[in-house]
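Here is a friendly walk through one protein chain. Take a look at the model first, and then we can wander through its empty spaces, its helices and a couple of its loops.

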Amino acid sequence: MKQNEQLIDVKEMLLSRQLGKGIRALENYLLTSQRQQDMSQLESIKNDYELMTDYWQRGYDDPQREQVCNQLLRRMFVLTSNIETNWQIAETPFLKATYQRPRRRSEGWSLDGIKQMMETFVSDVALLELEPEHTRQQKSSALYASHFEQMRDLFDYILTSRQWRDSQADAFLGMLLSPTLASVDQQLIVSAITLSAMQHFCFQKFRVLIELYRQATDERLRQRALVGWVLTASSERPVWQLYTEMGSLMDEVCQDERTQTELAELQMQLVYCQQADADRDTIQKEILPDIMSGSKLKVSKGGLVEMDEDSLDDMLHPEASELAVERMEQSVKRMVDMQKQGTDIYFGGFSQMKRFPFFNDICNWFVPFYAQHPGISQTWNNARAGKFLKTITRMGAFCDSDKYSFVLAFDQVLDRLPQGMLKMIEQGEAMAMPVGGEVALEEQRQPAFIRRTYLQNLYRFFRIFPARAEFCNPFDDGTMLFFAKGIFGRNELAGQAVAVARFLMKRQRYEQARDVLVRVPQDRYDTNAYVLLGSALQHIADSDPLMTENCYRQALALQPGHVRATAGLARSLFERHQYEEALECYQQLALQQPDHRTFLLNAAVCQLNVGQDEEALKSLYKLNYLYPDDLAVTRVLAWALTATGKYEQADKMYAQLLNSEKPFPQDMLNQGYNHWFQHRIKKAIDMFRRYRDSLQDDDFSLEQEFMTTEHQLLSTKGISDAEILLMVDAVGQ
């Protein structure tokens, strides 16, 4: 998205409440890029500002000064935003064409005229039922085509509109809540408002979206409005500092438990959107090959070819055919499970089907799917396999954009199917079953499903639309993690923030989980929040270890004996080499869960580090007896034997470890020490080299390993610093 750095600087001044500085900066900008109307508005604001400062300098006490200052800041913000919108339209050919088209086609866009246009359409559709059957289809096509042109122009008009006044916002809110208008039209308007408000924040557009979410009874409208106001509110700029009403509206709407739940669900769904590329690769590389190999179809240049049921290969190797079918069934089930969890399983396939001229109109990426859309109505009504087409679009978990793609590509797809399959489809004998499984109509009416498919519309637009670079993309600038934004750090959302952080932790998004948790008000932290934050920090390389430790101590202060908090504290202490206190924690955990192998193993490691060798060996021998196949136990025992001078026993265990299918690099290092302590220098050198080569880490330093990590042990074994340097030199860095 093209941006004017001078205007961005002015906005930053206003958001930091530097009103006088902002006025001077905008004045300097307008002197070189002057529009008389803009300069006149700025002069008016400047005069009011100078009048306010004059009263202040004279020592007058004005109880309204704060309110006046806020009003001037907002007037400046609105003016700057309008200038920025005009500049962007002038500098961007696509936006310029989008701006001009609706304004050329209609001289004036009065609010009354817009509402009348949409109400007339609903009336005309109802009157079609009175038309004779032989003329109804023709008149219906003409009516829908004409109305689509009007709605496309309205979409473009709203998208490129400047800042709204209160009266405009109220009028649009009334239209969007009116039961006399078509839901498809209302949903399309919501998307236009959302794109416009994301492009340049407008408080009145935000207010329309949040009020629509609170008041609408149509769930499809509610969910589009929810996505709209959340993405608008989570702008990178802290506009809520200027528009304090945003906080009040947020407080009111977040009191509702349903809203709290939907916000958490929306945040998780946005994360799934971000994973679409990785999920596409998984499907294409791991799932689809199994599905195709288990079917009786083969891909050729001419399309799909149906293979002979009784092929020679099947007769010679029937077990291979059975295994292929079994893998296919497992892959289909995996795809169904991914879809149910929220994965966008269709992005990879349908992203290749957006090159139809249909998608040149920006509104077509957001218009709800309806069969009368002039872009698909002819294909829909004349399709050779209409029943199949209608069934699969109704049953599948497709977003609106993908449904349009499917219909547009339908005839082309049919021509590339095997003749036997084509005949069954055309005669209505083939059962339509979308990959990913059938979605019941009741589920499709659920808020989460409606919201998910709408987000997929958005994601496809921002990833595929040719002019996508001209828009503020929420999937690029970090906006999607809105739970980490200041305005969403509200008391009512504390519990949901913890749930979102847990969701992120499961997906190894540790930094994002931390960013969400640090926004939770301190007085709303509970044990789970402290434990999650501590765990997130432990996975982030540059985190403060003392802060991590403090999280677990805070959790234990709230709930003494909490297992996860105690385990986290033990690990944190161990990493800071506080072995005695870490041992106390692990011993406490072992008492609580005496069969927990990891706790017993870590306690033994701590015992080794504090000199309790005999106790450690006793515990490790017992674990090795109980779990002879556990290589983690074998590994710790082998190192304990090495450290305590039982080298021959350690040799046997290292042989077991290094002969495993995938040797662990740490075992090579430890066996190197074992050789060294037995003065088998050449074997030690070879093992250290194997360890170094297995890491493939340019930053690794064997000298640091010897001089820092295990220097005390080496010294205890009688190895001097001079010998350490000889070993480093012999291994070679």
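Let's start inside, with the second largest cavity, which has a volume of about 50 Å³. Keep in mind that this is a predicted model. The residues around the second largest cavity are Phe-483, Phe-488, Gly-489, Arg-490, Leu-493, Ala-494, Ala-497, Val-516, Arg-519, Val-520 and Pro-521. Sorted by class, that lining comes to 8 nonpolar, 1 polar and 2 charged residues.

How do you find a hole like that in the first place? Rolling a probe the size of a water molecule over the atoms shows where empty space is left. In this structure there are 4 cavities of 30 Å³ or more. The largest cavity holds about 120 Å³ of space. It has 14 lining residues, and those closest to its centre are Thr-85, Leu-159, Thr-160, Gln-199 and His-200. Helix H4 (65–91) and H9 each bring at least two residues to the lining of the largest cavity, and H4 gives the most, with 3 residues. By class, the lining of the largest cavity has 4 nonpolar, 8 polar and 2 charged residues.

H9 deserves a second look. Is helix H9 largely enclosed or largely open? Of its 17 residues, 16 are buried, so H9 is largely enclosed by the rest of the structure. Its length works out too: helix H9 (residues 183–199) should span 24 Å at 1.5 Å a residue, and its end C-alpha atoms are 25 Å apart, which agrees.

Now for an open space. The second largest pocket has a volume of about 1,300 Å³. It is lined by 31 residues, and Phe-574, Tyr-579, Asn-609, Trp-639 and Glu-710 are the closest to its centre. Several helices give two or more residues to that lining, among them helix H28 (563–575), helix H29 (579–592), helix H30 (597–609) and helix H32 (631–643). By class, the lining of the second largest pocket has 14 nonpolar, 11 polar and 6 charged residues.

Here are the three linings side by side.

| Space | Nonpolar | Polar | Charged |
|---|---|---|---|
| Largest cavity | 4 residues | 8 residues | 2 residues |
| Second largest cavity | 8 residues | 1 residue | 2 residues |
| Second largest pocket | 14 residues | 11 residues | 6 residues |

Two loop residues are worth a stop as well. His-577 sits in the loop between H28 and H29. Its phi is near 65°, a positive value in a residue other than glycine. Is His-577 buried or exposed? His-577 counts as exposed because its relative accessibility is 54%, and the cut-off for that is over 50%.

Gln-508 can be found in the loop between helix H24 (494–506) and helix H25 (510–517). Here, too, phi is positive in a residue other than glycine, with Gln-508 near 60°. At 59% relative accessibility, Gln-508 counts as exposed.

Finally, step back to the whole chain. Its secondary structure comes to 38 helices and 2 strands. Of its 733 residues, 51% count as buried. The chain exposes about 35,800 Å², and carbon and sulfur atoms supply 49% of that area. Among contacts between residues at least 6 apart in sequence, 69% join residues at least 24 apart.

Definitions and conventions. Residues numbered from 1 in each chain as written. Predicted model: local features only at pLDDT ≥ 70, side-chain atom pairs only at ≥ 80, totals over all residues. Heavy atoms only, no water. 1 Å grid on protein atoms, 1.4 Å probe; cavity = no way out; pocket = protein on both sides within 12 Å on 5 of 7 lines; lining within 4 Å. Points joined across faces, edges and corners; volume = space filled by probe spheres on them. Helix = DSSP H or I, 4+ residues; strand = E, 2+ residues; numbered from the N terminus. Nonpolar A, V, L, I, M, F, W, Y, C, P; charged D, E, K, R; others polar. Buried < 20%, exposed > 50% of the residue type's maximum accessible area, 1.4 Å probe, protein only. Contact = heavy atoms within 4.5 Å. Areas by Shrake-Rupley, 256 points an atom, 1.4 Å probe, with all protein chains shown as cover. Expected span 1.5 Å × (residues − 1).
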